[in-house]
Amino acid sequence: MAEKIVLIDGHSILNRAFFGIPDLTNSEGLHTNAIYGFLNIMLKILDEEKPEYLTVAFDVHAPTFRHEMYADYKGTRKPMVEELRQQVPVMKEVLQAMGIRIIEKAGLEADDLLGTLSRRCEEAGMEVSVISGDRDLLQLATDHVKIRIPKTKRGGTEIEDYYAADVQEKYGVTPSEFIDMKALMGDASDNIPGVPSIGEKTASKIIAAYHSIENAYEHADELKPPRASKALKEHWDMAVMSKTLATICVDADIEYDISQAKIENIFTQEAYTLFQRLQFKNLLGKFDVTGPANAVEDHFRIIRGREPAEEIFDRASRAGEVGAAIFKDTENVLPLFASQAQAGGVALCFGEEEIFCICAEEDLTAEEILEKLGETAARAGSFSMFRLKEAMSFFTPGNRENCFDGIIAAYLLNPLKSDYTFEDVAREQLSLLVEDKAEDQVKACYEAYTAWKARPLLLEKLQETGMLRLFEEIEMPLVFALFDMEQNGVKVEAAELKEYGDRLAVQIEKLEKEIYEESGEVFNINSPKQLGVILFEKMGLKGGKKTKTGYSTAADVLEKLAPEHPFVAKILEYRQLAKLKSTYADGLAAFIGEDGRIHGKFNQTITATGRISSTEPNLQNIPVRMELGRLIRKVFVPEDGYVFVDADYSQIELRVLAHCSGDRQLIEAYQEEKDIHRITASQVFHTPFDQVTDLQRRNAKAVNFGIVYGISSFGLSQDLSITRKEASQYIEQYFKTYPGIKVFLDNAVAQAKEMGYVTTLFGRRRPVPELSSSNFAQRSFGERVAMNSPIQGTAADIMKIAMIGVERRLKENHMRSRLVLQVHDELLVEAHETEIEEVKKILKDEMEHAASLEVPLEVDMHTGMSWYEAK
DNA sequence: CGTCTCACG
DNA sequence: ACGTACGTGAGACGG
């Protein structure tokens, strides 16, 4: 059987993949979608065809022979968008790593390379497949040269195949006649002019009848549509030129040694490393990874019984470094209570070949195993796990100082991911692939091994990125502070909450009735779609469309209509009440535990900036701005014998900005310790401090906020309901007043552009991949992120330091008071009534001294018998 | 499961 | 001409 070669049109397939696949970026901010798509297409074809040889052709971006001849027509090629351009060299790197032959030659287009190679290979008796997205190449089709055009459709790529006969069938002309057809009809995408007024239909008819433009020209008078006849005679020179442009060269002078195109193993170690960097997870499965992968499978042992288990724990304790994982008992759990599954045992690793799975049995219960685990943690040199905070609901590590959480490390190294798993860490740090199907015990062994093995690597990366101290001194201690806070929970009066909900229900029902009556029909007020139709069609209000699915009924739209239309005001009120009832009254009630407290989760690996997030329920968005909503805070109460002490930072972000920018004016303004917005207004509007009007102050405040968010004239104009021009003037004035701020913000963007990330005062990094986008909106977003993240992130760092300090002091002094909530710039402590003054002192002290800035950190504090009172 | 809306800092 | 204020989470709707 004849040997096979596959020839790929590099740029064309890369281009196809780029536009066919949604944007992907790796953690370095490198766009990868085109490379990913290219590889998928290539692998699919290799799989199908199993060729002996493979070569990828690229254009060299210099004017080529054919370009030069008719520079006017071929000169204006659109520049490639940045996201695609940056992928080209990486694509070549990938191919090289896979040992795939690349061919490119200055002065030749990929088409010509492909044409020449396909001809030569065919002559050498081979079967040739040419892969391209470009139909131009159809002219190369023969009985042994197959042109394959991939189409990215939903649900995979389909490939259209063309031998010479297929071209004939589909287009009614032979492959070589295809050139003549192009010469007549032209091709806008390739800047081939063609003959005016001749399109695809006419060209096809003419060439089918006369086979070449030369022959057609000789019979020009007979040509069917008289218009075409005239055009061809008048524009014969265009036709000739177009034919030259459209003809792919098949005898270019290139050196090509077929033996270099031989396909060896393309899944090389080098390629694996590169794929990892590009984060092509599902392509990694195609590699045959040997080595570390077997460490776990080959060496783990299942330990049953008390004595052997105790021996392992003992050996682990004496080992310097220990990795551990807890696995669930899947056998003795009713499916209904799966979420409350008990531990089935633990896996331990303390050496390359020391991997053990210790299972609970009758003579050794899970409780005992977990207790031993805590003791082992206390005695080991280092103790590594994943999701330590979650694991701590099963056991108590005897020492918090030597603990390591690989998930937290992974988060710091790339805070943009939506989830973090030990499998990802194993793959990224150890090139270790964990089988999805592995049973729980085996998975736990992998997890323990990964915890043990990846720890030094992760620490080294944290060191390299300047985040080791952040990790060791802030994030790891915070794990325990958050754990304690979750365990503490916050007391919520269930009965009062229900009463509040009932009161809302009455009002909601009343409003509902009125709304149905006034609109003349019963509809779902909660459905923006239905509501939009009622308001803007049935009732004919003006205030046009906005969203893709219909009319916008967002509050800011409705608020503009409300003064004129009491009906709209009722909708807004209904919305407000419905939200309070469903999200807060009913929503919170569902989370009250048997101890009368809500134990929400405080998550450490969610936000891109370093803030903590709160879920199940979200306790960081309990209403406060509107009185009716604020009332909910009355049900958050301290235990008998306790009082709430609430402490919040005053304008921490602006103070961070003052410090980080070093702007003398703003720093001095803060050292005055007066109303900062008024000072800003006074300086920006050149008005004496005590003559600043309310409007001026309000505007200055909005600008201050805007600066923190990464100011844009559009955003500010929206916020203040002014024109963009006015907003621009405010911003300009602001920057004139505080020139240091402008320099700081510009620097942040510049640094992000250069390095690809921004940092906080404590070294926390946030990558900003959006800055390399060619899309204006995306890029602008990146700029705002670059301005905002260092500020928001530094404030988050400071609060974390404060929390750790507060927790530490409360514990050190053996106090009964406890931290129950964190709301970004606010801490809520449930203080024992004998400890109130001490708690206040600790809060003030730890919060104000969490960081030493050029401006003082100020804390406002209140006490009360509910969160409502204490705020 | 994506979109819209809205609660917080 | 475009189309955004930064960071979150949850509930409701509707395909």
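**Notebook: DNA strand B and two helix pairs**

I looked up Tyr584 to begin with: an N or O atom in its side chain is 3.4 Å from a sugar or linking oxygen of DNA strand B. I count a polar contact as a pair of N or O atoms within 3.5 Å; within protein, one must be able to donate a hydrogen and the other to accept it, and residues adjacent in sequence count only if both atoms are side-chain atoms.

The model is predicted, with local features needing pLDDT of at least 70 and side-chain atom pairs pLDDT 80 or more, while totals for chains, interfaces and linings use all residues. Residues are numbered from 1 along each chain as its sequence is written, chains are lettered from A and ligands numbered from 1 in the order written, and side-chain values use heavy atoms, without hydrogens and water.

**DNA strand B**

I noted two further polar contacts. A polar backbone atom of Thr553 is 2.7 Å from a phosphate oxygen of the strand. Asp825 places a polar side-chain atom 2.5 Å from a sugar or linking oxygen.

I then listed the surroundings: 22 residues surround DNA strand B, and Thr553, Arg575, Lys579, Val624 and Asp825 are the closest. Near means that a heavy atom of the residue lies within 4 Å of the strand. Of the strand's atoms within 4 Å of the protein, 70% belong to sugar or phosphate and the rest to bases. Helix H27 (residues 566-589) gives the most to this surface, with 3 residues. By class I read 8 nonpolar, 8 polar and 6 charged residues. Nonpolar covers Ala, Val, Leu, Ile, Met, Phe, Trp, Tyr, Cys and Pro; charged covers Asp, Glu, Lys and Arg; the others, Gly among them, are polar.

**H29 and H35**

I checked helix H29 (residues 652-661) against helix H35 (residues 739-755): their axes are 9 Å apart, at an angle of about 85°. The two are therefore roughly perpendicular (65 to 115 degrees). Leu657, Cys660 and Ser661 of H29 meet Gly740, Ile741 and Phe744 of H35, with contact meaning heavy atoms within 4.5 Å. I find 4 nonpolar, 2 polar and no charged residues in this contact.

**H21 and H22**

I also looked up helix H21 (residues 422-430) and helix H22 (residues 440-464), whose axes come within 9 Å and cross at roughly 55°. That makes H21 oblique to H22 (outside under 35, over 145 and 65 to 115 degrees). The contact includes Phe422 and Leu430 of H21 and Tyr446 and Lys461 of H22. Its classes are 9 nonpolar, 2 polar and 5 charged.

Notes
Axes are lines fitted to C-alpha atoms, for helices over the stretch in contact, and angles run from 0 to 180 degrees between N-to-C directions. Helices (H or I, at least four residues) and strands (E, at least two) are DSSP runs, numbered from the N terminus.
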